[in-house]
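Subject: Structure for your files, with notes

Hello,

Here is the structure I said I would pass on. My notes follow below it.

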Amino acid sequence: MSVQNLSNLEYDWVTILHEKGKAIAAYDKYIEDAKTADSQPCIELFENLKQSDSEHVQKIKEHLMQVMQNGTM
């Protein structure tokens, strides 16, 4: 399926999933930077953001699986 075959809404969800995946990967670097700076508040905030985005990714994946099974957004 090409991008041209995706509806705007489908494209939106795929884009959000992609961007959150990139953010989750980046948080590891940010956490290391915060550790290097010995900033526990920043470490905790980055870890919380990573956890939150991970939960969002899981919800999006579940939603997309339902959409694929049901055939409707």
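The protein exposes about 5,600 Å² (Shrake-Rupley method, 1.4 Å probe; for residues, only the protein chains shown count as cover), and carbon and sulfur atoms supply 55% of that area. This is a predicted model, in which local features need pLDDT of at least 70 and side-chain atom pairs count only at pLDDT 80 or more, while totals for chains, interfaces and linings use all residues. Residues are numbered from 1 along each chain as its sequence is written, and side-chain values use heavy atoms, with hydrogens and water left out.

Overall shape

The secondary structure comes to 2 helices and 0 strands (DSSP runs, H or I of at least four residues for helices, E of at least two for strands, numbered from the N terminus). The radius of gyration, taken over C-alpha atoms, is 16 Å, well over the 11 Å that the globule rule (2.2 Å times the number of residues to the power 0.38) gives for 73 residues, so the protein is more spread out than a compact globule. The C-alpha trace spans about 50 × 20 × 15 Å along its principal axes. Of the 73 residues, 15% count as buried (under 20% relative accessible area; exposed is over 50%, partly exposed in between; 1.4 Å probe, protein chains only). Among contacts (heavy atoms within 4.5 Å) with a separation of 6 or more, 55% come from residues 24 or more positions apart.

Helix α1 and the loop

Helix α1 covers residues 8-36. Its 29 residues should span 42 Å at 1.5 Å a residue (1.5 Å times one less than the number of residues), and the end C-alpha atoms are 42 Å apart, which agrees. At Ala26, α1 bends by about 25° (the angle between axes fitted to the seven residues ending there and the seven starting there). The buried residues of α1 are Ile24, Tyr27, Ile31 and Ala34, and these pack against α2 (40-70).

Asp38 lies in the loop between α1 and α2. Its phi is near 55°, a positive value in a residue other than glycine. Most residues other than glycine have a negative phi. Asp38 counts as exposed, at 69% relative accessibility.

Salt bridges

How many salt bridges does a search of the whole structure find? The search finds 5 (a side-chain nitrogen of Lys or Arg within 4 Å of a carboxyl oxygen of Asp or Glu). Three of interest follow.

- Asp53 with Lys20: the closest N and O atoms are 2.8 Å apart. The pair links distant parts of the chain, with Asp53 in helix α2 and Lys20 in helix α1, 33 residues apart. Asp53 is buried, because its relative accessible area is 9%. Leaving aside neighbours within four places in sequence, Asp53 is in contact with Lys20, Ala23, Ile24 and Tyr27.
- Asp28 with Lys50: the N to O distance is 2.5 Å. This pair also links distant parts of the chain, from Asp28 in helix α1 to Lys50 in helix α2, 22 residues apart. Asp28 is partly exposed at 38% relative accessible area, and Lys50 is partly exposed at 23%.
- Asp33 with Lys29: the side chains meet at 2.7 Å, N to O. Both residues lie in helix α1, 4 residues apart, about one turn of the helix. Asp33 counts as partly exposed, at 36% relative accessibility.

Regards
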